[in-house]
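User: I'd like to go through this structure and check the labels people put on it. Can you take me through how each one is decided?

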Amino acid sequence: METIFNRNKEEHPEPIRAEVQGQLPTWLQGVLLRNGPGMHTIGDTKYSHWFDGLALLHSFTFKNGEVYYRSKYLRSDTYNCNIEANRIVVSEFGTMAYPDPCKNIFAKAFSYLSHTIPEFTDNCLINIMKSGDDYYATSETNFIRKIDPQTLETLEKVDYSKYVAVNLATSHPHYDSAGNILNMGTSIVDKGKTKYLLFKIPSSVPEKEKKKSCFKHMEVVCSIPSRSLLQPSYYHSFGITENYIVFIEQPFKLDIVKLATAYIRGVNWASCLAFHKEDKTWFHFVDRKTKKEISTKFCTDAMVLYHHINAYEEDGHVVFDIIAYKDNSLYDMFYLKKLNKDFEENNKLTSIPTCKRFVVPLQYDKDAEVGSNLVKLPTSATAVKEKDGSIYCQPEILCEGIELPRVNYDYNGKKYKYVYATEVQWSPVPTKIAKLNVQTKEILHWGEEHCWPSEPIFVPSPGAREEDEGVVLTCVVVSEPNKAPFLLILDAKTFKELGRATVNVEMHLDLHGVFIPQNDLEAETE
């Protein structure tokens, strides 16, 4: 277990042919591109947290029944500075880096002062974002890095904050039908206000401005004021329906004053996050046409969430599915000192991830009695009118113990049936993958001894007529010494194995990724 997390992984920039077993669909042509931490030790220094490791991109290319693997470290400014110094010199969220002890006192003092507003890292290790024909590695700071999806080469760096006033942004954007990107970021104490911004990156630029990048045409769609000036909510994703943006302001908050003094106090930025279990969680709905927030206040009990699954509208209600926790213990479990050989015995989740469905009536009888349930759909989820006019929501539980959810993106923002996810039992590290039918609550599984699968990605078959017509892809790391890791290909409908592509390398556990069909790669090359 320790080697899965702690050991630096080698990169393999040249393609390695995988050994394919089983029968892959002939239509499966393109690249599965994934991202995650791969290097945790530099010289004599070591990152404190698994999520801080230097980004390692890896890919599986499907070409005429053959599969090729390659991996390459993201050549971020962070990577280059650390490698050149042979020590960690750029701070990450869970690891604060300090100046060289040989520096003189003036250099040290300047370093402390310059950290009051953090210069965030460009170690973009979480996800991959598509912008027009281009692809970017993303994290939760204001930086993203363009990459070549075929060679994994690192290209230019983009700073969101040059175009819109955000200090942090999610690595889970949404795409509208025209291919425009919608994303959310936090603007910290800008002009005396802290707010959450929804911004749009167009998929293309006008013909006469062909030399300009799409980012120069970024626009703020709307802003939602933070309930607290100095303690904005942490969020990792958001929801979208045909007409609304769904944003959840949770009582898992970032303390800005602590953030500004973290460096001088000798603590990491992660210590500036705190869960306020006595507070409520607030739901915000922004009308995508008017760009205004719905004025009714909707809330539920305190919870922590990272991943939205999907959202849709039905008969005047917004239905949204999320994976929520009762506390913030998940992050703490990934400190590297805990990821040792006793990991399985000593790291039990104190709060199991729960798949919750909230049903929120945006259209309801304003004269309804206080205490009445305003939900008119067949569900156990409730929305009760309070004395102050706010609406208190309670969810329907769809299942427990799943994380890293993905859906068929053609059904994003629409009524849907299926979620593909990793299954977590005793710990936050996945042991199986699952297909959940959210309408019947039936679950199908795939799992094998000593196998640790990653987030499953659904790829629709050409001309698919049904939601689950296609395949599910997941990278599987193996903790048995004589076995090699592999890419697993499942029939999405039956969840039966179609084949696997085994590679004799030490593969890293990754976080998120995308499948890029061959046609999109050809468009990018042109």
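Analyst: Sure, salt bridges to start: the label needs a side-chain nitrogen of Lys or Arg within 4 Å of a carboxyl oxygen of Asp or Glu. Bear in mind that this is a predicted model, where local features need pLDDT of at least 70 and side-chain atom pairs count only at pLDDT 80 or more, while totals for chains, interfaces and linings use all residues. Residues are numbered from 1 along each chain as its sequence is written, and side-chain values use heavy atoms, with hydrogens and water left out.

User: What makes Glu396 and Lys441 a salt bridge?

Analyst: Their closest N and O atoms are 2.9 Å apart, which means the pair passes the 4 Å rule. Glu396 sits in strand β28 (residues 396–400) and Lys441 in the loop between β31 (432–437) and β32 (443–447), 45 residues apart. Strands here are DSSP runs of E, at least two residues, and helices are runs of H or I, at least four, numbered from the N terminus.

User: Why is Glu396 called buried, and what is Lys441 called?

Analyst: Buried means under 20% relative accessible area, exposed over 50%, partly exposed in between (1.4 Å probe, protein chains only). Glu396 has 13%, so it counts as buried. Lys441 has 35%, so it counts as partly exposed.

User: How many salt bridges are there, and which one has both partners buried?

Analyst: The count is 25. One of them joins Asp510 and Arg34, with the closest N and O atoms 2.8 Å apart. Asp510 lies in the loop between β37 (497–502) and β38 (512–517), and Arg34 in strand β3, 476 residues away. Both Asp510 and Arg34 are buried. They also belong to a salt-bridge network with Arg406 and Glu455.

User: And how do you know that Glu480 and Lys483 qualify?

Analyst: The N to O distance is 4.0 Å, and the two side chains do meet in a salt bridge. Glu480 is partly exposed, because its relative accessible area is 27%.

User: Why isn't Cys355 put in a disulfide?

Analyst: A disulfide is a pair of cysteine sulfur atoms within 2.5 Å. The closest cysteine sulfur to that of Cys355 belongs to Cys399 and is 4.6 Å away, so it's too far for a bond. Cys355 is buried, at 1% relative accessibility. The whole model comes to 0 disulfides. Cys222 has none either, the nearest cysteine sulfur being that of Cys393, 20 Å away. At 8% relative accessibility, Cys222 is buried too.

User: What makes one face of helix α2 the buried one?

Analyst: In α2 (residues 77–85), Thr78, Tyr79 and Asn82 are buried. Viewed down the axis of α2, the buried residues fall within an arc of 95°, so they line one face of the helix. That arc is taken from the directions from the helix axis to the C-beta atoms. The buried residues of α2 pack against β3 (30–39), β4 (41–42), β6 (54–63) and β7 (66–73), with contact meaning heavy atoms within 4.5 Å. Just after α2, Asn86 has a positive phi of about 55°.

User: Last one: what makes something a nonpolar core?

Analyst: It's a set of buried Ala, Val, Leu, Ile, Met, Phe, Trp, Tyr and Cys residues joined through side-chain atoms within 4.5 Å. The largest has 112 residues, and those with the most contacts inside it include Phe60, Phe283 and Leu473. Strand β24 (residues 317–325) gives the most to this core, with 7 residues. Phe283 touches, among others, Phe247, Met303, Phe320 and Cys393. A second, separate core has 16 residues, including Tyr136 and Phe215.

Terms used: Lists of a residue's contacts leave out its neighbours within four places in sequence.
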